[in-house]
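Here are some notes to help you find your way around a structure you have not met before. Please keep the view open and look up each residue as it comes along.

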Amino acid sequence: MSRGEQLRELASDLSRAAETARRAGLPTTVYLLSMALVEVREAASAADDGDGDGAA
């Protein structure tokens with residue numbers, strides 16, 4: 001599994017966790033998970049752009 005794939009999987013996990021926190025009424029947790037999600041998506045995009053074939 002490439003770094004980009006790992007980061008996309010992490011982004012998916014973070015998204016699910018943020019939705020669970022939203023349903024539980026935890027706004028600070030939602031905010032923190034959302035900020036982490038932005039960072040991970042940016043890193044995944046950079047990983048895909050940086051190495052061409054996805055190998056890290």
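1. A definition to begin with: a residue is called buried when its relative accessible area is under 20%, exposed when that area is over 50%, and partly exposed in between. Glu 19 is a good residue to try this on, because its relative accessibility of 31% puts it among the partly exposed ones. Please bear in mind throughout that you are looking at a predicted model.

2. Now for the overall picture. The protein has two helices and zero strands. Helix H1 covers residues 3–24 and helix H2 covers residues 27–51, so Arg 8 in the one and Asp 48 in the other belong to separate helices. Of the 56 residues in the protein, 25% are buried. The accessible surface comes to about 3900 Å², and carbon and sulfur atoms account for 55% of that surface.

3. What makes up the largest nonpolar core? There are 11 residues in this core: Leu 7, Ala 11, Leu 14, Ala 18, Ala 21, Val 30, Leu 33, Leu 37, Val 40, Ala 44 and Ala 47. Both H1 and H2 contribute, each with at least two residues. The most comes from H2, which supplies six residues.

4. Ala 11 is a handy place to look at this core from close up, as one of its residues. Setting aside the neighbours within four places in sequence, Ala 11 is in contact with Leu 37, Val 40 and Arg 41. Two of these partners, Leu 37 and Val 40, are also listed in the core. For the protein in general, take the contacts between residues at least 6 apart in sequence: 61% of them join residues at least 24 apart.

5. Two serines of H1 give you further distances to check. Ser 12 is found in helix H1, and with 32% relative accessibility this serine is partly exposed. From its C-alpha atom to that of Arg 41 the separation is 9.6 Å, although their positions lie 29 residues apart along the chain as a sequence offset. Ser 15 is also in helix H1 and is partly exposed, at 32% relative accessibility. Ser 15 and Ser 34 are 19 residues apart in sequence, with their C-alpha atoms 7.5 Å apart in space.

6. Next come the charged side chains. Side chains of opposite charge can pair when their charged atoms come close. How many salt bridges does a search of the whole structure find? The search finds four.

7. Which side chain does Arg 8 meet in a salt bridge? The partner is Asp 48, at 2.7 Å from N to O. Arg 8 sits in H1 and Asp 48 in H2, so this pair ties together parts that are 40 residues apart in sequence. Arg 8 is partly exposed, with a relative accessibility of 40%. Asp 48 is partly exposed as well, at 33%.

8. Another salt bridge joins Arg 16 to Asp 13, with 2.3 Å between the closest N and O atoms. Both residues lie in helix H1, three residues apart, which is about one turn of the helix. Arg 16 has a relative accessibility of 48% and counts as partly exposed. For Asp 13 the value is 34%, again partly exposed.

9. Glu 19, the residue used in the opening definition, has a salt bridge to Arg 22, at 2.6 Å from N to O. The two residues are three apart in helix H1, so about one helical turn separates them. Arg 22 is partly exposed, at 47% relative accessibility. Arg 23 belongs to this picture too: Glu 19, Arg 22 and Arg 23 are linked in a network of salt bridges.

10. Finally, please turn to the nonpolar part of the surface. Which residues make a nonpolar surface patch of about 390 Å²? They are Tyr 31, Leu 32, Met 35 and Val 38. Val 38 lies in helix H2. Why does Val 38 count as partly exposed? Its relative accessibility is 39%, and partly exposed covers the range between under 20% and over 50%.

Conventions
Residues are numbered from 1 along each chain as its sequence is written. This is a predicted model: local features need pLDDT of at least 70, side-chain atom pairs count only at pLDDT 80 or more; totals for chains, interfaces and linings use all residues. Side-chain values use heavy atoms; hydrogens and water are left out. Helices (H or I, at least four residues) and strands (E, at least two) are DSSP runs, numbered from the N terminus. Buried means under 20% relative accessible area, exposed over 50%, partly exposed in between (1.4 Å probe, protein chains only). Patches are made of residues with over 30% relative accessible area and no salt bridge: like charges are joined within 9 Å, nonpolar side chains (Val, Leu, Ile, Met, Phe, Trp, Tyr) within 5 Å. Accessible areas come from the Shrake-Rupley method with a 1.4 Å probe; for residues, only the protein chains shown count as cover. Contact means heavy atoms within 4.5 Å. A nonpolar core is a set of buried Ala, Val, Leu, Ile, Met, Phe, Trp, Tyr and Cys residues joined through side-chain atoms within 4.5 Å.
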